[in-house]
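Biologist: I should like to understand the terms used to describe this model. May I ask how each one is justified?

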Amino acid sequence: MSSDCDKVVNHPPAMKPVVLVHGGAWAIPDDLVQASCQGVQNAAKTGYRALTEEGATALDAVVAAVCVLEDDPAFDAGTGSVLNEDGDVEMDAIVMEGRHLQTGAVACVKNILNPVKLARLVMEKTEHVLLAGDGANKFARSVGMKEVPTSVLVNNDAVKELDHFKKFKKTVNGLFSTRDHDTVGAVAIDRQGNVACATSTGGITAKMVGRVGDSPIIGSGAYCDNAAGTASTTGHGESIAKVTLARRVVYNMQNGHSAQQAAEEALSYMSTRVNGAGGTIALDRTGNAGIAFTTERMPWAWVGSGSLHYGINPGEDFTMAS
Ligand code: ASP
């Protein structure tokens, strides 16, 4: 005999939304620490606000957060991008959502303020996952995205850095202990348990014209799957691509590692296998965070459950009410 209680459907409790961002793994000099920490906090708060709006998704949150970082000249993405060997700006960006594994990316795109928005449009308005170079700019014009002069994207630091690192091949291994790059990224989970990720970069100073790093490559610069979690990466792009770092983090979570263990294992593998340094942020499918880096510093911040956490040096975790 059935009672009223038998008719109750136990929906899983709504997930607590979380947004976690990074501002690039490298040897950030002391004079950039404050701007970097402030920038990631602003981005995490903006992403979280976007996530708590009616109907907003994890994808909305990561795009909103990364736009803040792209607009902040303290970071190497959008405004503040580093220069290639010809003194030009070529940017890479990716977005991905974990429900249907939809993704979109742009590589070597020029004159765009927010490449992450263009990556999202590739995902939503084309049948492709990655558009590069002139094709990406042609697509931007076709969807009415404004193009800006290169000078709008470039700051004095980028010009000075190019002078120091003219010979990419001789300096590539030293780049991550210098003042030259700070790729940005975000991961998020929404109330429905959907995860998303986004990564955006100007790449590496003095890179060859046409060089595409890890950031816009699925599984390298970012990856997510509702079944496991989400990750965004930063660091030496050629190393990250060789070990498909973001996919490895998500795979680790799928196989029972916590987000923190997953991030640490993947970076340790990259270090021993290809001698590469970098960082990653991750959320598992219930919103637990993993934050790890093998460089000197990586600014990060997350917002969830009414508090904001941030840090930049190894082992740091400052908390305040959000
Ligand atoms: N991964 C980026 C690239 O190689 C750089 C970075 O993360 O700082 O293009």
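Modeller: In this predicted model, helix α1 passes helix α2 in a right-handed crossing. Helix α1 covers residues 30-52 and helix α2 covers residues 58-71.

Biologist: Why are α1 and α2 called roughly antiparallel to each other?

Modeller: Their packing angle is about 150 degrees, with the axes 8 Å apart. Angles over 145 degrees count as roughly antiparallel, and α1 and α2 are therefore described in that way.

Biologist: Which residues of α1 and α2 make the contact?

Modeller: From α1 the contact includes G39, V40, N42 and A43, and from α2 it includes A58, D60, A61 and A64. The residues of this contact divide into ten nonpolar, four polar and one charged.

Biologist: What makes α9 and α10 oblique to each other?

Modeller: Helix α9 (residues 245-254) and helix α10 (residues 259-274) pack at about 140 degrees, with their axes 8 Å apart. Roughly antiparallel requires an angle over 145 degrees, and roughly perpendicular covers 65 to 115. The angle of about 140 degrees fits neither class, and the two helices are therefore oblique. The crossing of α9 past α10 is right-handed.

Biologist: What kinds of residue form the contact of α9 with α10?

Modeller: Among them are L245, R248 and V249 of α9, and A259, E265 and Y269 of α10. The residues of this contact comprise ten nonpolar, one polar and two charged.

Biologist: How do you know that G279 is buried?

Modeller: The relative accessible area of G279 is 0%. Buried means under 20%, so G279 meets the criterion. G279 lies in strand β9, residues 278-284. Leaving aside residues up to four places away in sequence, G279 touches A25, S232, T233, T234, L245, L267, A292, F293 and M298.

Biologist: Why is the pair of Y310 and F318 called tilted?

Modeller: The structure holds one aromatic pair. The ring centres of Y310 and F318 are 5.2 Å apart and the ring planes stand at 40 degrees. Stacked planes would be under 30 degrees apart and edge-to-face planes over 60, so this pair is tilted.

Biologist: Are Y310 and F318 buried or exposed?

Modeller: Y310 has a relative accessible area of 16%, and the limit for buried is under 20%, so Y310 is buried. F318 has a value of 40%. Exposed would require over 50%, so F318 is partly exposed.

Note on methods
Residues numbered from 1 in each chain as written. Predicted model: local features only at pLDDT ≥ 70, side-chain atom pairs only at ≥ 80, totals over all residues. Heavy atoms only, no water. Axes fitted to C-alpha atoms, helices over the stretch in contact; angles between N-to-C directions. Helix = DSSP H or I, 4+ residues; strand = E, 2+ residues; numbered from the N terminus. Parallel < 35°, antiparallel > 145°, perpendicular 65-115°, else oblique. Left-handed = near helix turned anticlockwise from the far one by under 90°. Contact = heavy atoms within 4.5 Å. Nonpolar A, V, L, I, M, F, W, Y, C, P; charged D, E, K, R; others polar. Phe/Tyr/Trp six-rings, centres within 6.5 Å; stacked < 30°, edge-to-face > 60°. Buried < 20%, exposed > 50% of the residue type's maximum accessible area, 1.4 Å probe, protein only.
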